[in-house]
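Biologist: Glad you could sit down with me. Shall we go through the reasons behind the labels on this one?

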Amino acid sequence: MVSWPMIIRGALALRRLAADGASPGARTVDPERLRRARRYNRTKEQLFLVGLVTSLVTGALVVFSGAAARVRTAVQCRTGRGLPGDAATTTVYSLLGWLAALPLDYISSYVVEHRYGLSNQTRTAWLTDHLKGLGVGLVLQTPLALAGYTAIRRWPRTWWAIVSAASIPLTVLLAQLGPVLIMPLFNKYEPLKDRELAERLKALAARSGIEVADVLQTDMSRQTKKANAFFAGLGRTKRIVLADTLLEQFTPEEIEVVVAHEIAHQAHRDIWRFIALGSVFTVALSFLVDRLARGTLARFGSRIGTDRLGDVATMPLLSWFLSIAGLLLGPVQNWYSRRIERRADAFALDLTRDPVAFGSAMTRLAAVNLSDPKPPALVRLLLYGHPSIAERIDHARAFAAEHGLPAPEPITVE
C-alpha cells in the first residue's frame, strides 16, 4: 500500500471556529477563517507538488548519473557481496532517501502545522517520531527488498506476478500486527475512560452486525490538534479508536455519527475492497515497472552502472518508476475512494438517523482540521480521497429531506 508523502497559526481563531460548529444554526463560513483554511491547504498542496517534482528529478539524476551504482560499489567494498552487501546497500538507499526528503518534510509537517496552530509537537518530539518511523521502515523494507531481489533473480520473467501475489498476505498480516506492534510506538492506547460512551458505540456497531473487541482512546494530542477516529485491526482484533482531540471537542452525538461512518467501512468490508484494488494495482504496477526497467537498462545500462535487473543498484530505478506509475494511478484510487466514502456517509446517516449531528460533526471537523469546505475541482479530482465537507453536508440535507428529518444548515462560502 502506498503511503502518500507530505499531506500536510491562529489557535484562538481555530478554537472559536470549533466552538461555532457545535450549534446547528447558520453555517456561514467566516471569510477570514475560510482564507486561513484555503491558505493552509494551498500551502500543503504546493509543498506536495514541490516534493513530488524534487523527488522525481533527484531520482532521475541519481539513477542516470550512475550514483546509485557507485553507492552500491562503495558499500559492498566494505561489507562484501551477497546477502550482507545487498542488505547494507538497500539500507543505505533508504537512509539517503529519508535524509533527502527530511528538509521539505520538516517544513510541511512541522513548520506549516505550527504556523497554522495545528501541531502540539516540539522539534525534539517531531524528530523522535520521524526516527521511529525510519526504524520501522528499515525493519520492514530491507527484508522485503531482499525478498524482491531474490524473486527477480530466481524468476526473472515472472517475478512481478510472484511479488504481487505475496503482497496480499503481507498486507493482511500488517493490518493485524500494526495496531499491536507499530501504532503503540507512536501513541498510547488505552480503554476509553467514558465507559457509557464506549457501550453506546459498541451497541451502535452491534446494530450493524459488527463486533468490536473494545473502544480505545489515544493521545493524538501529543502530535496534533486535529481530530480523528478509526477502526484498527481485522477480525477479532477490531477496535474502535478515538483520538483524545475528538473526545475533547465533539459532542457524544457527533462522535456517534463519526464512528458510524467508520462502522460502515467494516459493514461493507471496504478494507478488503481496498486490499483487492491495491492488489490489482500492484500487479499492473509491477508488470509495467518490469517492462520499463528492462527497456531502460538495455538502453542506458552503461550510464546507470548496471544492465542487470537483479542488481540491487536498480532499487532507485525501480522506485522511480513506481513513483511515476503510482502518481498516474492516484486519481483513479481517489475516485474509487470517494465513491466508498459517499456510501459510508449514507450508511452512517441511515444508522444514526441524525442528519443535524452529522452536519455539525462535519462543520466541526472542517474547523478543527482546517479543511477547505469547497476546494477547487481539479484539486478535489486529483488529491481528495473523500468528498468535500460541503458535499457531505449537502448529502445529509438530501437524506433529511427524503426521510422527513431535521436538516443541517448548508455551509455558505462568502
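Biologist: Which residue of E5 does Phe-231 stand opposite?

Modeller: Phe-231 stands opposite Ile-240 in E5. Do keep in mind that this is a predicted model, in which local features need pLDDT of at least 70, side-chain atom pairs count only at pLDDT 80 or more, and totals for chains, interfaces and linings use all residues. Residues are numbered from 1 along each chain as its sequence is written, and side-chain values use heavy atoms, with hydrogens and water left out.

Biologist: What makes E4 and E5 a pair?

Modeller: Two strands pair if DSSP finds at least two bridges between them. Strand E4 (residues 229-232) is joined to E5 by four bridges, and the two run antiparallel. Strand E3 (residues 214-218) also pairs with E5, in the parallel sense, over five bridges. In that pairing, Asp-214 has Arg-239 in E5 as its bridge partner. The strands themselves (E, at least two residues) and helices (H or I, at least four) are DSSP runs, numbered from the N terminus.

Biologist: Why is E5 called largely enclosed?

Modeller: Buried means under 20% relative accessible area, exposed over 50%, and partly exposed in between (1.4 Å probe, protein chains only). Four of the five residues of strand E5 (residues 239-243) are buried, so the strand is largely enclosed by the rest of the structure.

Biologist: And why is Val-139 called exposed?

Modeller: Val-139, found in helix H5, has a relative accessible area of 60%, and exposed means over 50%. Therefore Val-139 counts as exposed.

Biologist: How do you know that the span of H2 agrees with its number of residues?

Modeller: The expected span is 1.5 Å times one less than the number of residues. For the 34 residues of helix H2 (residues 31-64) that gives 50 Å, and the end C-alpha atoms are 49 Å apart, which agrees. Just after H2, Gly-66 takes a positive phi of about 85 degrees.

Biologist: Now the whole chain, with its 14 helices and six strands. Why is the chain called as compact as a globular protein of that length?

Modeller: The radius of gyration is taken over C-alpha atoms, and the globule rule is 2.2 Å times the number of residues to the power 0.38. For 414 residues the rule gives 22 Å; the chain has 23 Å, which is close, so it is as compact as a globular protein of that length. Along its principal axes, the C-alpha trace spans about 70 × 45 × 35 Å. Of the 414 residues, 48% count as buried.
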